[in-house]
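Thank you all for coming. I would like to walk you slowly through one structure today, so please keep the picture in view while I talk.

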Amino acid sequence: MQQALNTIAIVEDDVKVCDFLTHEIKRHFTATKVVSFYKGEDALKFLLPNPVDIALFDINLPGKSGIACIRELKSQHPSMQMMVLTVLENAESVFEALKAGAVSYLLKTTPPDQIIAAIQEDRNGGAPMTGHIARKVIGTFHFHQEKHNTHLATLSRREKEILDLLGKGYQYKEIAEMSFISIETVRTHIRNIYEKLQVNSRIEALKKTGFI
């Protein structure tokens, strides 16, 4: 069941983009009140005492940044849903926005119908992101997970692949077929894994490397 979207704020310093978004939102959410701002300070001045359902922020704003605004608003109004619509796609900006309280991160290259769908998804409890931004988030998470797991870092790429397949419940024969290697080679890799990790079983190896 879709929830009603009563109020939405757009904080965007590009007048054409702001006007376009306002028009599209009003066209698709006819009963929704839209307020817009070109500066972060103006948005905060209005939104702190007058919270909205969803606030859609650019990051690069004159004066206070969109991320700083999101952080301040979220601390005062935890239920307000914060979305980012920006040209910035570097990992640092993505994670700073998510840490500040944004639940959605879209690029300005996103087609208008997908932006509208993302707004509705956000209101329904989702966390929409532009596709390759989501992949960037997942990839960075895996990188940090591996970086901070010193045990996993001792294994070769092939050993990690085999350990992952073990964690998914595959047997030696299945792993050999999926990896295009012999069963004996699989056994050799697993012996090496156990030796490097100083464990004696599949379960111990998976626990030590964070696979389970």
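Let me begin with a right-handed β-α-β unit, which is made by strand β1, helix α1 (residues 15–28) and strand β2. Please keep in mind throughout that what you are looking at is a predicted model.

How many bridges join β1 to β2? There are 5 of them, and the two strands, with β2 covering residues 33–37, run parallel. If you would like to find this pairing for yourselves, you can look for T7, whose bridge partner in β2 is K33, and then for I10, which stands opposite S36 in β2.

β1 also pairs with strand β3 (residues 54–57), again in the parallel sense, and this pairing has 4 bridges. Here V11 is the residue to look for, since it stands opposite F57 in β3. As for how covered β1 is, 4 of the 5 residues in this strand, which spans residues 7–11, are buried.

Now let us step back to the whole sheet. As a general reminder, the strands of a sheet pair through backbone hydrogen bonds, either parallel or antiparallel. In this model 5 strands form an open sheet with parallel pairing, and their order is β2-β1-β3-β4-β5. At the edges are β2 and β5 (102–107), each of which pairs on one side only. On average, neighbouring strands of this sheet are turned by 20 degrees against each other, if direction is ignored.

Two helices that lie across strands deserve a mention here. Helix α2 (residues 40–47) lies across β1 and β2, and runs at about 140 degrees to β2, while helix α3 (residues 66–76) lies across β3, β4 (81–86) and β5, running at about 175 degrees to β4.

Finally, I would like to turn to helix α10 (residues 183–197), which packs with helix α9 (residues 172–179) at an angle of about 105 degrees, their axes being 8 Å apart. Angles of 65 to 115 degrees count as roughly perpendicular, and α9 and α10 are therefore described in that way. The residues of the contact of α9 with α10 divide into 6 nonpolar and 2 charged, with no polar ones.

Helix α8 (residues 157–167) also packs with α10, at an angle of about 95 degrees and with the axes 10 Å apart, so these two helices are roughly perpendicular as well. Among the residues making this contact are I162 and L163 of α8 and I193 of α10, and the contact residues divide into 5 nonpolar, 2 polar and 3 charged.

Conventions: Residues numbered from 1 in each chain as written. Predicted model: local features only at pLDDT ≥ 70, side-chain atom pairs only at ≥ 80, totals over all residues. Heavy atoms only, no water. Buried < 20%, exposed > 50% of the residue type's maximum accessible area, 1.4 Å probe, protein only. Pairing = 2+ DSSP bridges. Right-handed = clockwise from strand over helix to strand, strands pointing away. Axes fitted to C-alpha atoms, helices over the stretch in contact; angles between N-to-C directions. Parallel < 35°, antiparallel > 145°, perpendicular 65-115°, else oblique. Nonpolar A, V, L, I, M, F, W, Y, C, P; charged D, E, K, R; others polar. Contact = heavy atoms within 4.5 Å.
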